[in-house]
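Thank you all for making time this morning. I would like to walk through one model with you, starting from a single residue and working outward to the whole chain.

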Amino acid sequence: MKEEEVKELVSRALAENGVKFEPNSLRIRYYQDEWGRVDAFGEYLNDEGYYEFAISVDKKGKVKRFHVNMISPRSVFEELKKLKRE
């Protein structure tokens with residue numbers, strides 16, 4: 001399975017679980033396509049903050065495992081990004 005297909009599958013699973021995110025901020029850091037399912041780890045950004053996720057989805061789109069954690073609030077993320085540019 002290609003990364004774009006994984007990204008589509010993960011974004012659909014996130015949306016089905018009520019997660020709101022900026023589509024262009026979704027980043028897949030790692031994925032594994034074995035045993036009839038896709039395990040993915042990545043990050044995304046929304047109005048509240050910067051999040052990471054670990055998700056396991058079968059080929060039909062049924063979520064087997066779903067974990068989302070906030071890394072930092074949006075204001076802190078933007079401030080760090082601004083400091084990094086300077």
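Let me begin with a question about Ser11: does this residue count as buried, partly exposed or exposed, and what is its relative accessibility? Before I answer, please keep in mind that what you see is a predicted model. Ser11 counts as partly exposed, because its relative accessibility is 22% and the cut-off for buried is under 20%. Ser11 lies in helix H1, and, once its neighbours within four places in sequence are set aside, Ser11 is in contact with Phe21 and Leu26. Val63 is 52 residues away from Ser11 in sequence, and the C-alpha atoms of the two are 12 Å apart in space.

Let me now step back to the overall layout. The protein has two helices and four strands, and, read from the N terminus, these elements follow the order α-β-β-β-β-α. The C-alpha trace spans about 45 × 25 × 15 Å along its principal axes, and of the 86 residues 35% count as buried. The protein exposes about 5,900 Å², of which carbon and sulfur atoms supply 49%. As for charge, there are 17 positive and 17 negative side chains, and the centres of these two sets lie 2 Å apart. If we take the contacts between residues at least 6 apart in sequence, 37% of them join residues at least 24 apart.

Turning to the strands, I would like to follow E3, which pairs with E2 and with E4. E2 and E3 run antiparallel and are joined by nine bridges, and a hairpin of three residues leads from E2 to E3. Within that pairing, Phe41 has Ala54 in E3 as its bridge partner. On the other pairing, E3 and strand E4, which covers residues 63-73, are also antiparallel, over nine bridges, and here Tyr51 stands opposite Met70 in E4. Four residues separate E3 from E4 in their hairpin, and Gly61, in the turn, has a positive phi of about 100°. How many of the 10 residues of E3 are buried? Nine of them are, and E3 is therefore described as mostly covered, buried meaning under 20% relative accessible area.

That brings us to the interior. In soluble globular proteins, nonpolar side chains tend to be buried together. In this model the largest nonpolar core has 16 residues, and the members that touch the most others are Val10, Leu14, Tyr44, Phe53 and Ile55. Helix H1 (3-16), strand E2 (37-45) and strand E3 (49-58) each supply at least two residues of this core, and H1 gives the largest share, namely five residues. Ile55 is a good place to look: leaving out its neighbours within four places in sequence, Ile55 is in contact with Val10, Ala13, Val38, Asp39, Ala40, Val63, Arg65 and Phe66.

Two of those partners of Ile55 deserve a closer look. Ala13 lies in helix H1 and is buried, with a relative accessible area of 2%. Apart from neighbours within four places in sequence, Ala13 is in contact with Ile55, Val57 and Val63. By contrast with those contacts, Glu48 is 35 residues from Ala13 along the chain, and their C-alpha atoms are separated by 19 Å. Ala40 lies in strand E2, and Ala40 too is buried, with a relative accessible area of 2%. Not counting residues up to four places away in sequence, Ala40 touches Val6, Val10, Tyr30, Tyr31, Phe53, Ala54 and Ile55. Ala40 and Glu5 are 35 residues apart in sequence, while from C-alpha to C-alpha the distance is 12 Å.

Finally, one loop residue. Which loop holds Trp35? Trp35 lies in the loop between strand E1 (27-34) and E2. Is Trp35 buried or exposed? Trp35 is exposed, because its relative accessible area is 66% and the cut-off for exposed is over 50%. Most residues other than glycine have a negative phi. In Trp35, however, phi is near 55°, a positive value in a residue other than glycine.

To close where we began, Ser11 in helix H1 is partly exposed at 22% relative accessibility, whereas Ala13, in helix H1, is buried at 2%.

Methods: Residues are numbered from 1 along each chain as its sequence is written. This is a predicted model: local features need pLDDT of at least 70, side-chain atom pairs count only at pLDDT 80 or more; totals for chains, interfaces and linings use all residues. Side-chain values use heavy atoms; hydrogens and water are left out. A nonpolar core is a set of buried Ala, Val, Leu, Ile, Met, Phe, Trp, Tyr and Cys residues joined through side-chain atoms within 4.5 Å. Buried means under 20% relative accessible area, exposed over 50%, partly exposed in between (1.4 Å probe, protein chains only). Contact means heavy atoms within 4.5 Å. Accessible areas come from the Shrake-Rupley method with a 1.4 Å probe; for residues, only the protein chains shown count as cover. Lys and Arg count as positive and Asp and Glu as negative; His and the chain ends are not counted. The place of a charge is taken as NZ of Lys, CZ of Arg, CG of Asp or CD of Glu. Two strands pair if DSSP finds at least two bridges between them.
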